[in-house]
Amino acid sequence: MGAFIVRRLLNYVVLVFVATSLAYLGASSAFHPKDMYLQKNPPTPAVVMYHELDQRNENPQKPVLERYAHWVGGVAHGDFGQTWQLDSVGKHFSISVWVTVRLVSVAAILSAVLGILIGSFQAVRQYKFSDHAITFGSYIVFAMPVFVLAPLLKLIAVQVNKAVGGDTPFLQYQGEIDPNASGFFGQLFSRADHLLLPTISLTLGLIAFYSRYQRGQMLDVLGSDFLRTARAKGLTKGRAILKHGVRTAVIPVMTLVTYSTILTFAGAIITERVFGWNGLGSWFTDATNHSDVNSVAVITLFSAVLVLIAGMLSDVITAVLDPRVRL
């Protein structure tokens with residue numbers, strides 16, 4: 001088992017290196033950071049422009065492979081270069097990543113738990129009114145992608161705040177914390193209040209997706225022989241479903257959850273923009289708009305690591321839930 005894990009980790013390192021290298025080379029070839037200086041009015045002097053481009057390691061007069069080799073050497077020593085604002089990429093990343101992780105972690109946990117529970121409930125109540133109602137609601141959510149749902153939630157929050165009135169908004173829809181919040185509990189409540197709408201924006205689609213998948217898996221399990229055997233041994237219907245049915249049906253769903261959580265980071269780009277969260281999503285769009293190769297490369301590196309961690313977690317979770325895999 002140990003040798004297997006080591007081999008997987010070595011493969012992951014190679015894959016991360018390849019993915020990040022392709023992202024850096026692609027961004028270096030496609031971006032034109034020089035244009036940002038030439039479009040200023042008045043244009044930036046050539047001496048200043050090339051000096052800053054050299055600081056960023058994005059001087060187009062140097063070959064792409066030479067810039068790439070310089071970047072790889074810096075990464076090997078923990079230096080990820082400078083942003084388009086000539087700040088440290090590593091410092092900017094360490095601040096932005098925790099903003100996005102807080103948002104995505106809450107959304108991932110809630111969507112997985114609620115999606116699995118709702119899907120299991122639908123399977124047990126197949127063709128009942130509740131099953132049809134949840135299915136109808138799921139299709140409505142599917143028809144509203146994040147770039148529609150997030151602005152809609154913000155619009156609802158504005159209207160609710162107008163109706164409620166008062167000096168303090170009832171629903172917070174901008175930023176991740178009130179700058180006037182003081183004390184531990186005051187800041188904790190403020191963060192939770194600001195987290196509500198972005199979390200709903202990210203979780204609704206995932207809940208609908210997981211519940212549909214879990215419902216199909218659960219329906220297959222409910223008609224299985226081992227569940228009837230469990231009932232014959234004296235287990236109640238509810239205990240048999242929870243102990244054997246849900247545990248078996250959730251195995252393929254958890255693989256889906258681990259990888260979908262990574263995709264949630266992509267959805268967070270829009271959500272962060274709409275609700276004013278300064279996380280990886282906002283940073284990525286700013287970096288793309290300003291042809292910031294170093295920032296795009298480090299965000300790609302982080303995404304590649306997350307995908308590979310998801311693969312490892314998927315294997316571990318499957319082994320925990322399914323004894324046959326451990327054997």
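**Salt bridges, helix faces and ring pairs**

In this predicted model, Arg215 and Asp131 form a salt bridge, with the closest N and O atoms 2.8 Å apart. The two partners sit far from each other along the chain: Arg215 belongs to helix α8 and Asp131 to helix α6, 84 residues apart. Both Arg215 and Asp131 are buried. The general idea behind such a contact is simple enough: side chains of opposite charge can pair when their charged atoms come close.

Asp131 makes helix α6 a good place to look next. This helix covers residues 129-142, and its 14 residues should span 20 Å at 1.5 Å a residue; the end C-alpha atoms turn out to be 20 Å apart, so the expected and modelled spans agree. Which residues of α6 are buried? Along with Asp131, the buried set contains Ser130, Thr135, Ser138 and Val141. These residues take up an arc of only 130° around the axis, so they lie on the same side of α6. It helps to remember how such a helix winds: an α-helix has 3.6 residues a turn, so residues three or four places apart point the same way. The other side of α6 shows Phe129 and Phe136, which are exposed. As for what lies over the buried residues of α6, the cover includes α5 and α8 (184-222). Helix α8 thus comes up twice, as part of that cover and as the home of Arg215, the salt-bridge partner of Asp131.

Back to charges for a moment. Across the whole structure, a search finds six salt bridges. One of them joins Arg56 to Glu58, with the closest N and O atoms 2.5 Å apart, and both of these residues are buried. Another pairs Asp54 with Lys62, where the closest N and O atoms are 3.8 Å apart. Are Asp54 and Lys62 buried, exposed or partly exposed? Asp54 has a relative accessible area of 37%, so it counts as partly exposed. Lys62, at 33% relative accessibility, is partly exposed too. Elsewhere, a network of salt bridges links Arg102, Glu176 and Arg191.

Helix α3 (residues 46-55) also has a buried side. Its buried residues are Met49, Tyr50 and Leu53. They cover an arc of only 90° around the axis, so they share the same side of α3. The cover over them includes α2 (33-38). After α3 comes Asn57, whose phi is positive, near 60°.

Aromatic rings make up another set of contacts. A pair of aromatic rings is described by the distance of the centres and the angle of the planes. The whole structure holds six aromatic pairs, according to a search. In one of them, Tyr24 and Tyr68 are tilted, with 6.0 Å from centre to centre and 50° between the planes. This pair links distant parts of the chain, since Tyr24 is in helix α1 (residues 2-30) and Tyr68 is in helix α4 (residues 64-76), 44 residues apart. Both Tyr24 and Tyr68 are buried. A second tilted pair is made by Phe93 and Trp283, with 6.5 Å from centre to centre and 50° between the planes. Phe93 lies in helix α5 (residues 89-124) and Trp283 in helix α11 (residues 280-289), so this pair ties together parts that are 190 residues apart in sequence. Phe93 and Trp283 are both buried as well. The rings can also join up in a group: Tyr24, Tyr68 and Trp71 are linked into a cluster by ring pairs.

How does the model look over the stretches annotated as "transmembrane region"? The unreviewed UniProt entry gives that annotation to residues 12-31, 95-121, 133-153, 195-213, 249-270 and 296-321. Over residues 95-121, the chain is 100% helix and 0% strand, with the end C-alpha atoms 40 Å apart. Residues 195-213 are likewise 100% helix and 0% strand, and there the end C-alpha atoms are 27 Å apart.

One last residue is Leu263, which is found in helix α10 (residues 237-275). Is Leu263 buried or exposed? With 61% relative accessibility, Leu263 counts as exposed. The C-alpha atoms of Leu263 and Ser303 are separated by 9.3 Å, with the two residues 40 apart along the chain.

Conventions. Residues are numbered from 1 along each chain as its sequence is written. This is a predicted model: local features need pLDDT of at least 70, side-chain atom pairs count only at pLDDT 80 or more; totals for chains, interfaces and linings use all residues. Side-chain values use heavy atoms; hydrogens and water are left out. Rings of Phe, Tyr and Trp (its six-membered ring) pair if their centres lie within 6.5 Å; planes under 30 degrees apart count as stacked, over 60 as edge-to-face and the rest as tilted. Helices (H or I, at least four residues) and strands (E, at least two) are DSSP runs, numbered from the N terminus. Buried means under 20% relative accessible area, exposed over 50%, partly exposed in between (1.4 Å probe, protein chains only). The expected span of a helix is 1.5 Å times one less than its number of residues. The arc is that of the directions from the helix axis to the C-beta atoms. Contact means heavy atoms within 4.5 Å. UniProt positions are given in the numbering used here, feature names are shortened, and annotations may be inferred rather than shown by experiment. A salt bridge is a side-chain nitrogen of Lys or Arg within 4 Å of a carboxyl oxygen of Asp or Glu.
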